[in-house]
Amino acid sequence: MEVTSDLTPLARISEEISNPTEQWRGDIAEGDSPPEDGPQISIEQFFEMTGIRFMDEIAAPRRSTVHQSALRPSRRQSTESEIPLSEYVVAMAVGVPQLELYTHVSKDLQLWIERIKGIYKEAEDEALKMTPQLFQEFVLADDEGQNELLHQLKLIKVNKHTQAKSEWYDWKMQWVEQLYEKADQGFRDLEADAKVLENIIRQAQEVVPALNEEYENLLRELEQEQADVAELENCDQDYLNELKATIQEQSIALEAFRADVDEGKAKLDRLQEKLEEIETQKLETTNAIQVAERQVQVQKNSTHAEVFRLKDELEALQNLHMLQVTKILPELFEFRYASSYDVSVPCKNFCPLVKEVSITRVQNAKLKYKDAFPALSQLMLKTASSLITRSNGNLSVRQIVERLGDYWSACSRLLAQLKLVAIKYPVSITRGEDDDSGFTATVTVMLPSKKAKALISFIFNTGTFSSWPISIQSMQCDVKVAYGPVQRDTLQEAILGRLRETTVADNYGCLLDACTVALDCYA
């Protein structure tokens, strides 16, 4: 809504309508003297005196354009010729955003007009309560003074009109930019779709020649079959029926032959299985004969040197596997592992009693080797006993030896890792609440550049350290910052990243490398 002034001379205004100012002065001359605060003048009376009026909207020059929808054929015609897909795309990328923007702007302008009307109503009420001084000066002024005031009002009107146009153009520019952005986005989407369609078209073009060739072959086969059908229809039907009967008889005979062949194949398969069983029995018998012949040969031809050679081989095998068998009886089997652990397996006619297996540490081993982690050694010893006693009762002596050997091998590898870390950083071992919960190795590291201290905890449950390094990826890690401006998440992510790179074949020093990588983050 804009305020405009009809700046015509006062004489012309008096010719068209009676001059409100003169009429008001005449009323004052005929009546009593005005009150001290001046005559009461409403805003509408002032606008009539000055020739100012309100416009419902700003009249702006409009270009004579025709929307594309006006040039589009009617709905009846569109049923005969379908609307191109390009027009749908233009409508979605250009037409719909314009319609949405027009609806939004129309609602905003309607709300703005209603608000201006409310403001005008409030101003009208205030003017009725207290006449503005400008209204009084204009009424009481002479013709020259009124002309000057009208000139000032004209300048204000031109200024406000220009300012309103400027704001309107700014708003319009923003709306147009928004439409351009949506149109550009639609164009980019079309370009992306075009690239996808290019790939699809290229793939289709690669497949189309083969499909065309296959189609032509099918057509030729169809023509040939149609020709054969036509030839069959034109031939002698009696002879054809005779041939059909002959073919049916031959089919019955062929099915009988196939049944015989299947039966023969089944017999052949059974004979093959029996032959394989016989071959297996023959091989086992041959091996047993060879073993028996070797034992007989040894018993007949063994000498004192042969006995010592076999004894040396046995000792070499025991040293290789770090296993020394100390007692073999029908009711007891004992062996020593790595000169550190004595294992006693009670048996019943050489069948082990798994629940009664006992494992103890050799007393001399405690004095011979310094234990870097005493708490961890006790935990590993208890875990070894529970590993056997808690398993099912179908273990053989060989399985017990193999299982304990694998377990102690995993423990020795893990101890080697912790000793490498302990060479450079302090390491403390904390056992879990029970023997099944494993232990936690806490490494204390210092970051001199940040004047900080962090505690890196490697958490090992029973399954993790009993099958190390196969279970290295299941190990958990935690980091606590004791003090200093370092981030816990940064250190933990660096440690986990190094551990994820570790493999079963390449795991030497992985815990030490993980601590070093964490320190390098704040080097």
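Start by selecting residues 1–36: pLDDT stays under 50 over this stretch, and the model gives it 50 contacts beyond four places in sequence. Keep in mind that you are looking at a predicted model. Now colour the whole protein chain by confidence; pLDDT averages 79, and 84% of the residues score at least 70.

**The whole chain**

Switch to a cartoon view. The secondary structure comes to 16 helices and 11 strands. Of the 523 residues in the chain, 25% are buried. If you draw contacts between residues at least 6 apart in sequence, 57% of them join residues at least 24 apart. Turn on the surface next: the accessible area comes to about 37700 Å², and carbon and sulfur atoms account for 54% of it.

**The second largest pocket**

Select Ser-340, Tyr-341, Arg-361, Ser-412 and Leu-415, which lie nearest the centre of the second largest pocket among its 20 lining residues. The volume of this pocket is about 510 Å³. Colour the lining by residue class and you will find 13 nonpolar, three polar and four charged residues. Then show helix 12 (374–389) and helix 13 (397–424), each of which supplies at least two residues of the lining. Which helix gives the most to the lining? Helix 13 does, with six residues.

**Strand 10 and Ile-456**

Move along to strand 10, residues 452–460, and pick out Ile-456. Is Ile-456 buried or exposed? Its relative accessible area is 2%, under the 20% cut-off, so Ile-456 counts as buried. Show its surroundings: beyond its neighbours within four places in sequence, Ile-456 is in contact with nine residues' worth of company to explore, including Ala-441, Val-443, Cys-477, Ile-495 and Ala-518. For a distance to draw, try the C-alpha atoms of Ile-456 and Val-427, which are 29 residues apart along the chain and separated by 9.5 Å.

**Backbone stops**

Just before strand 10, select Lys-451, in the loop that follows strand 9 (439–447). Lys-451 is not a glycine, yet its phi is positive, near 55°. With a relative accessible area of 71%, this lysine is exposed.

Go next to Phe-350, in the loop between strand 5 (341–348) and strand 6 (351–352). Phe-350 also has a positive phi, about 65°, without being a glycine. Its relative accessibility is 48%, so Phe-350 counts as partly exposed.

Finish at Pro-469, in the loop between helix 14 (462–466) and strand 11 (476–483). Look at the peptide bond leading into Pro-469 from Trp-468: this bond is cis, with omega near 0°.

Technical notes. Residues are numbered from 1 along each chain as its sequence is written. This is a predicted model: local features need pLDDT of at least 70, side-chain atom pairs count only at pLDDT 80 or more; totals for chains, interfaces and linings use all residues. Side-chain values use heavy atoms; hydrogens and water are left out. pLDDT is the predictor's confidence in each residue, from 0 to 100. Contact means heavy atoms within 4.5 Å. On a 1 Å grid over the protein atoms alone, a cavity is a set of points where a 1.4 Å probe fits but cannot get out, and a pocket is an open set with protein on both sides within 12 Å along at least five of seven lines; lining residues have an atom within 4 Å of a point. Grid points are joined across faces, edges and corners, and a volume is the space filled by probe spheres set on the points. Helices (H or I, at least four residues) and strands (E, at least two) are DSSP runs, numbered from the N terminus. Ala, Val, Leu, Ile, Met, Phe, Trp, Tyr, Cys and Pro count as nonpolar, Asp, Glu, Lys and Arg as charged, and the others, Gly among them, as polar. Buried means under 20% relative accessible area, exposed over 50%, partly exposed in between (1.4 Å probe, protein chains only). Accessible areas come from the Shrake-Rupley method with a 1.4 Å probe; for residues, only the protein chains shown count as cover.
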